[in-house]
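Colleague: I am new to this structure. Please pick one part and take me through it closely, along with whatever packs around it.

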Amino acid sequence: MIVAVVALRLVSLSTRRYMKGVSDFLAANRLAGRYLLTIAQEMGSFGVVSFVAIFERLMSAGLAPDWWGGFQIPMGVIILLTGWVFYRFRETRALTMAQFLEMRYSRKFRIYAGLLCWTSGILNFGIFPAVAARFFIYFCGLPDHFVLPGLEVAVPSIAVVMLIDLGLAITFVNMGGQISVMITECVQGMFCGFAFMVVVATILVKIHWGQMVEALSMAPAGQSMLNPFHTSRVTDFNIWYYLIAMFGGFYSYMSWQGTSGFNSSARTPHEQKMAGIIRVWRWMPHTLMTVLLALAALTVTRLPEFADTARVVSDTLAKIPNESVQGQMRVPVAMAHFLPIGIKGLLATIFLFFSFTCHDTYMHSWGSIFVQDVYMPLRKKALTPEQHIKLLRWSIIGVAVFSFLFSLFYQPSEKIFFFFAITGTIWAGGSGAVILGGLYWKRGTTAAAFCALTVGAVVGVGGLIIPKMYKASHGVDFPINNQWLWFMAMVSAALIYILVSLLFPAKEREYNLERMLHRGRYRIKEDHVAEEEVRSRWQQIVGITREFSRGDRILALALVAWNATWFTWFVVFSVVNLFFPVSDMAWARYWHVQAIIIPCVLSVPATIWFTIGGVHDIRALFESLKTATRDVNDDGRVRGWREPDDELATPVIAGSDGEA
């Protein structure tokens with residue numbers, strides 16, 4: 001682990017000389033290729049807290065609920081191939097989402113949105129360091145407290161581990177901003193791709209599939225961990241959870257700004273689209289390892305042949321006073337006592353990478369959003385690039401301090417996914433309507449945006465307070481879980497946005513979306529490979545434009561074929577089960593093929609493919625940054641955002657900072 005961190009420090013130091021302006025710090029000067037984006041974003045968006053949340057879900061519900069994820073397959077393909085939201089957002093050339101909101105609505109709305117987004121984000125991020133620290137404490141067998149030499153003071157280990165973790169993240173992100181974040185995360189991601197395979201091979205050698213099925217089959221009646229049609233008593237991760245997630249994924253796509261630096265870093269909008277298309281192959285080894293770790297833990301803690309290990313795991317968990325933390329640490333503790341030396345160290349290194357890469361990504365995002373979308377719009381005079389970057393660095397440190405204190409004192413009382421749902425609702429409940437309306441509807445108004453965002457925030461804050469008050473007074477959980485509260489916030493905000501826009505239309509003419517998106521006569525040549533003209537009707541249906549090379553078309557069609565196959569299987573097998581119920585053993589065979597065999601076959605070539613692509617994109621980024629021209633005005637401000645004279649013979653194209 002120490003060697004890995006030192007090696008990354010050397011890589012990070014090499015990026016510092018390329019960071020020469022604000023747009024470099026915020027978005028790598030918009031020069032990243034698809035493989036760099038895909039690998040780095042995988043590492044930055046998926047921290048230890050995400051692993052633990054999935055472990056928590058798999059240990060409580062098994063594989064069965066994943067079947068209902070099939071509802072999301074068509075939506076995912078439509079989003080990726082049409083460039084839903086992210087393509088248009090990249091066309092605006094905004095450095096943050098709230099900069100786009102100022103361009104589309106008003107500066108006051110940008111400040112309001114920035115505050116809500118930042119508040120929701122840092123609350124959501126607040127538990128990340130604690131979950132990661134607990135993982136390392138229980139996985140590595142560290143004591144809960146230790147006494148400093150020469151002092152009679154017991155120091156909690158969680159505080160020390162968080163300081164080390166957040167300290168690493170701060171040094172990496174403040175070294176070169178988004179450039180440093182992307183390069184170091186891509187290097188870590190390429191290493192982890194091969195490490196995943198080693199961990200997977202170890203688990204499959206030590207535990208065979210039959211043992212995993214036996215452990216999954218021990219679930220009570222109505223709570224099957226194999227058969228999704230026998231889960232009537234599952235209250236949390238059921239079909240409704242996935243249906244709401246599907247709606248939320250479409251409605252609030254790209255609303256969450258935890259990885260906002262990646263939303264603006266692509267070389268072109270098309271590269272951003274291709275990064276999304278190829279992502280499904282990159283995530284295979286990652287998902288495979290995550291599932292196998294949870295299944296291995298379940299097997300070790302349930303089957304009699306592992307009774308000695310299970311007893312040690314049970315004794316360790318019993319010493320944790322918080323019941324929610326016990327559930328979160330079940331897999332880390334089980335793997336700590338099951339994996340052999342060497343593999344255990346490799347897994348610790350993987351999680352160390354995911355920990356501070358996720359933290360530096362989120363700190364970069366929330367720190368940047370506060371400066372860009374709250375402080376800068378309130379400031380009348382522009383900062384010099386040096387002052388601006390210094391302020392961004394201090395803001396990032398401020399986010400780290402808040403998350404450290406929040407993690408130190410917050411006592412978890414619910415599953416991580418539900419904490420994410422309600423803290424995210426403060427922003428994501430209303431932001432989806434505002435973003436979709438702003439990018440796709442000319443008649444959306446500023447008043448409607450204010451109302452929609454407020455409704456979402458009220459439901460989100462209420463979801464944090466009311467359930468706790470209800471349980472304190474009634475002694476039982478609130479009857480509506482946080483996933484349903486999120487759904488209520490999204491629907492309410494969307495209806496409010498539409499009604500206010502129609503009932504109280506803006507006095508000015510319809511908004512000029514073409515200008516904001518730099519289309520038509522406002523087109524910026526370097527943002528497009530070629531004019532967006534379709535080759536045929538069927539290619540138009542699947543979102544293939546003239547920007548797609550032959551290789552791009554093959555990748556896009558492979559994605560369509562892959563998802564069409566799985567969705568057809570999902571529909572057919574669901575109908576079959578309604579009329580001719582399939583046995584649990586048949587479901588076990590299905591999960592073996594779908595969750596284990598196919599990912600194992602595809603993961604090795606996918607890892608090699610992305611490693612080659614990642615190395616190529618890192619070199620290309622360095623070469624581009626050497627010769628790139630920096631625009632000192634490209635700092636996220638919106639200046640002079642007004643309509644150009646329609647009578648001009650040669651229209652003036654908006655600059656990258658929004659000034660005409």
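Modeller: A residue is called buried here when its relative accessible area is under 20%. Keep that cut-off in mind. Note also that this is a predicted model. Its mean pLDDT is 84, and 93% of the residues reach 70 or more. Be careful with residues 641–660, where pLDDT stays under 50. The model still gives that stretch 44 contacts beyond four places in sequence.

The part I pick is helix 19. It has 25 residues. From first C-alpha to last it reaches 37 Å, close to the expected 36 Å. Which of its residues are buried? They are His388, Ile389, Leu392, Ser395, Ile396, Val399, Ala400, Ser403, Phe404, Phe406 and Ser407. As background, an α-helix has 3.6 residues a turn, so residues three or four places apart point the same way.

What do those buried residues pack against? Their partners are helix 2, helix 8, helix 9, helix 10, helix 18 and helix 20. Let us visit several of these.

Start with helix 8, residues 107–125. Its 19 residues span 26 Å between the end C-alpha atoms, close to the 27 Å expected. Its buried residues are Phe109, Arg110, Ile111, Ala113, Gly114, Leu116, Cys117, Ser120, Gly121, Ile122, Asn124 and Phe125. The cover over them includes helix 19, together with helix 7, helix 9, helix 18, helix 20 and helix 21.

Helix 9 and helix 20 bring us to a cavity. The structure holds six cavities of 30 Å³ or more. The second largest has a volume of about 90 Å³. Helix 9 (128–140) and helix 20 (416–440) each give at least two residues to its lining. Helix 9 has the largest share, three residues. The full lining is Ile127, Ala130, Val131, Arg134, Gln328, Tyr410, Pro412, Glu414, Lys415, Ile416 and Phe419. Seven of these are nonpolar, one is polar and three are charged.

Next comes helix 2, residues 22–27, which holds Asp24. Asp24 counts as buried because its relative accessibility is 0%. Beyond its neighbours in sequence, Asp24 is in contact with Tyr18, Met19, Asn29, Gly176, Gln178, Ile179, Leu625 and Arg630. Two of these contacts deserve a stop: Asn29 and Gly176.

Asn29 sits in the loop between helix 2 and helix 3. Its phi is positive, about 55°, although it is not a glycine. Most residues other than glycine have a negative phi. Asn29 is buried, as its relative accessible area is 11%. Val85 also has a positive phi, near 70°. Its place is the loop between helix 5 and helix 6. Val85 counts as buried because its relative accessibility is 0%.

Gly176 takes us to helix 10. Gly176 is buried, since its relative accessibility is 0%. Apart from residues up to four places away, Gly176 touches Met19, Asp24 and Phe25. How far is Gly176 from Glu414? Their C-alpha atoms are separated by 37 Å, with the two positions 238 residues apart along the chain. Glu414 is one of the residues lining the cavity described above.

Helix 10 runs over residues 157–206 and also holds Glu185. Why does Glu185 count as buried? Because its relative accessible area is 0%. Its contacts beyond four places in sequence are Ile39, Ala40, Met43, Gly44, Phe262, Thr357, Asp360 and Thr361. Glu185 and Asp360 are 175 residues apart in sequence, yet their C-alpha atoms are 9.7 Å apart.

Ile39, Ala40, Met43 and Gly44 belong to the buried residues of helix 3. That helix has twelve residues and reaches 16 Å, close to the 16 Å expected. Helix 3 is mostly covered, with eleven of the twelve buried. Its buried residues pack against helix 10, helix 13, helix 14, helix 18, helix 25 and helix 26. Helix 10 and helix 18 are also among the partners of helix 19. That brings us back to where we started.

Definitions and conventions:
Residues are numbered from 1 along each chain as its sequence is written. This is a predicted model: local features need pLDDT of at least 70, side-chain atom pairs count only at pLDDT 80 or more; totals for chains, interfaces and linings use all residues. Side-chain values use heavy atoms; hydrogens and water are left out. On a 1 Å grid over the protein atoms alone, a cavity is a set of points where a 1.4 Å probe fits but cannot get out, and a pocket is an open set with protein on both sides within 12 Å along at least five of seven lines; lining residues have an atom within 4 Å of a point. Grid points are joined across faces, edges and corners, and a volume is the space filled by probe spheres set on the points. Helices (H or I, at least four residues) and strands (E, at least two) are DSSP runs, numbered from the N terminus. Ala, Val, Leu, Ile, Met, Phe, Trp, Tyr, Cys and Pro count as nonpolar, Asp, Glu, Lys and Arg as charged, and the others, Gly among them, as polar. pLDDT is the predictor's confidence in each residue, from 0 to 100. Contact means heavy atoms within 4.5 Å. Buried means under 20% relative accessible area, exposed over 50%, partly exposed in between (1.4 Å probe, protein chains only). The expected span of a helix is 1.5 Å times one less than its number of residues.
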